[in-house]
Each structure stands twice: as structure tokens, then as C-alpha cells.
Amino acid sequence: MAKTPAFSCTACGAAHSKWSGRCDACGAWNTIQEDVPVSAAGPAGKTLGAAKGAALPLTDLATEETPPERARSGIEELDRVLGGGLVPASALLVGGDPGIGKSTLLLQATARFAANGLNTLYISGEEASAQVRMRAQRLGLADAPVKLGAETNLRDILTTLEAEKPQLAIIDSIQTMWADTVDSAPGSVTQVRAAAHELTQFAKRRGTAIVMVGHVTKDGQIAGPRVVEHMVDTVLYFEGERGHQFRILRAVKNRFGPADEIGVFEMTGAGLAEVANPSALFLSERGEPAAGSVVFAGIEGTRPMLTEFQALVAPTPQAQPRRSVVGWDGGRLAMILAVLEARCGIPFAGLDVYLNVAGGMKIAEPAADLAVATALLSAREDVALPADTVVFGEISLSGALRPVNQTESRLKEAAKLGFSSAIVPTRSKAGGTGLALRPMTDLVQVVGEIFGAG
């Protein structure tokens, strides 16, 4: 009896029983393709069967072994995101929007690793070798001892890796690779899954660190099945706004270091330059105090970072007021507006609300609640906060303010940049930072004492 074919979406990975033009899960068009089982690519489609294999060699958990030594690139922002350096026999996946600078970053990193003595190999499936060499000349890396290749056949790539035995291999990109054992087009779910599996197994078997570049969908997620992100050891996102020169390398998964760690880079004519003090850079264009402008002391991974929230509240002629957010969660903004109206008696009906995080940063932690509420109140009441004040704290649905973690690190970073006061929730542990604290119990106290409203 013939087996019923299975289909899945290349954008979100959702399973479907039959082909259709549009995915019901994510709404993408022309992304549903038939899944070909990997076992069907073997001899006559045979599976493993009931025959026993060889026994695995086992070791005791308490066995003392020397941990692998990390390889450092010398690019401090990259080494920070990797957790202190590149771990041998690891598999990494780097995703980002087209043209954001993924290939530029990896080419610069490969050249630095090669200069430090690593045997490196750069395989490009999207460009010819001459085109990669042109980019290297523009970046001043033409003399870097990096071996270069242009190929998409996975069998040929693995054969080359076996012969060269590199310590670091870059695969740019995983969507262009194709395995001749899989009867599917390059970029399909089956091809991406098979290529990622083969490369990951090679990394573990031969001790080579392999970095795979992945394309992203319009939603910002790495294209292909989500199982690829589970296969690899580290998943990095390279993000930024086209209108800003800043680029953020963010670790969303890391088996060898802290997740949510970020590295900040600046795009220049000579490539990507690392930013040692991101807080000063994000606040460098901040002018005189203005209504709606609030500085938030946040934490990105293990690094304290100061960013600026900008809010604008204006009357609207429309029946439905507009809520526009850049760099923050729109649902969280709706919650803050509801708390301000229900607990503090400050309505935003008939008012357009615009919220922006300066510099192209994206903030996700709930500690930014108080900074957002303060920026909205400042814009609505047309009252500017003092320029030397930072704000952070989490807001509950009752309007109470909750303390957040790493308060001392946030305040020390603010003091280092010249800030002298901070609006924080009560019970915040902040000893020896040198800042004048204004502890607040709830949002009603903030509204009354700082803005005289409500």
C-alpha cells in the first residue's frame, strides 16, 4: 500500500496533509512542499530494521577530562556573544535579514581566526570565489590565510572538509546546499534538514567548528524547519535597522555560554567595527531634555546597557486612535495604557500613541515597563524629565511596581555615563552606586509626584 505523502511549510514548518497554495499557520504563499523521508534516499528505501548495531563505548560522568580550549578571534564583541570564544566541534547557525552584513561579519571573523593560527575554510554557495575575493579586498583582508571555495553540492563539500581538516568552516548559506541523496529542490525543508544534519554530525565527528548562515523569513525567523535550530549548539541573530549604522549580534541559544548576550557593531565603509561602549553610542545623539524622552537602564545578557525611549502622544482626527511601536512589544504597550487608565485615571482615548527605541535597539525585558509609562506620561503632560535621570522597573496589572534583577549593575552603568538620579521601585537593592534614588511604590505615586497628574 502506497504511503500518503506529507507536506510542510518551508517558512514556519507546519505540517499539512495535502498541498495548498497558502499555509494556514503562517499565511505565507507558495511555501508548502512535499517532505521526502531521509530513509527513502537510502538503498531501495530501506530502514534500519531489527538488526542490532555495535555497542556504544560509555564513560563515567565523574571522569576527569580536560575541557576543550576555546579559540578567541580577538573581536571582543563576537567572543562575548559566543561565551568567551569558539568551542571546537561545535555547530553554529547565524541568521539575519538580507544585506544586513552576515557575510561581511563572518569573513572578518574568519580572517581574524586564521591570523590567530586556525586552519579556516570559507565555502560560499551564493557567490563566486572572485566575488568573495572582491569583498575581502574592500575590507582589507586580501592577504588573510583563508582557504576559499564556491560549491553547493554537499557531498563535494564534505569530501573537501575531510581532506583539508579545517578547525573552522563557514557554510554560506545552508539554504543553497543540496544533498544528491535527497530528491528535493535546494532550500526545501527536507534539503535544509538533511544538510544541517550532515554538517552537524561532521562537526562532532571531526572536531571542526562549523558556522552555517541561514536566511530569514519576513517575520524575522530563520527559514526552514525549526529542527535545524535544535540540531546546532548555538543560534545567533544578526539584526539592525537599515536606516541606522548599528548592528546587533544576539545569541538566542548557546550551549556553551549565556543566552540573550549581545554584541554591538557599527557598519562603516571598511566593514563592521565593534562598539566597546554601546550605552555611550546609543545616547550620543541625545540632545536637550524633551517631553517624551526617557533613558532606560536595561540588561542585555550579562551587559548593562542604557537606551532611550521616545514617546509622542497627539490628538487624532480618526475614530480609532493609532498605536505604533518600534523596538518594543506592541501588546506590552497596550497593557501599560490600560493600567494607566484603569489604575491612575489617565485616559488615552482619542490620542495617537507612538513609541520608539532610539538607535534601532529592540528591548524585550519587562524592566522597561516603568520607562515606557514615564515616557508616555511625559509626552501626554508635556513635562520633560531631568536629563540626568534613568528609569527602570516592572509594572503589574494592579499598578504596583516590582523590583528587577541586577539593579546595582544598571545603576553603576548609569553612574559611569554621568547620570546622578534614578526612578526605581521600592525594595530595590542598590547599595554603593552613588546615585540619588527616588523609590516608587506604584504607578499612582509616579503620576502624582513626578507629573502632578491623575
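Glu381 is partly exposed, with a relative accessible area of 26% (partly exposed lies between buried, under 20% relative accessible area, and exposed, over 50%, using a 1.4 Å probe and protein chains only). Its partner Arg380 is likewise partly exposed, at 30%. The two residues form a salt bridge, with 2.8 Å between the closest N and O atoms; the term stands for a side-chain nitrogen of Lys or Arg within 4 Å of a carboxyl oxygen of Asp or Glu. Salt bridges that share partners also join Arg72, Glu76 and Asp79 into one network.

A word on the source: this is a predicted model, where local features need pLDDT of at least 70 and side-chain atom pairs count only at pLDDT 80 or more, while totals for chains, interfaces and linings use all residues. Residues are numbered from 1 along each chain as its sequence is written, and side-chain values use heavy atoms, leaving out hydrogens and water.

Over the whole structure, the search finds 17 salt bridges. Here are three of them, as pairs:

| Pair | N to O distance |
|---|---|
| Glu381 and Arg380 | 2.8 Å |
| Arg206 and Glu162 | 3.1 Å |
| Arg410 and Glu365 | 3.1 Å |

Arg206 and Glu162 pair through their side chains. They link distant parts of the chain, 44 residues apart: Arg206 sits in helix 5 (residues 189-206) and Glu162 in helix 4 (residues 154-164). Helices here are DSSP runs of H or I with at least four residues, and strands are E runs of at least two, both numbered from the N terminus. Arg206 is partly exposed at 49% relative accessibility, and Glu162 is partly exposed at 28%.

Arg410 bridges to Glu365. This pair too links distant parts of the chain, with Arg410 in helix 10 (residues 407-416) and Glu365 in the loop between strand 16 (351-357) and helix 9 (369-381), 45 residues apart. Both Arg410 and Glu365 are buried.
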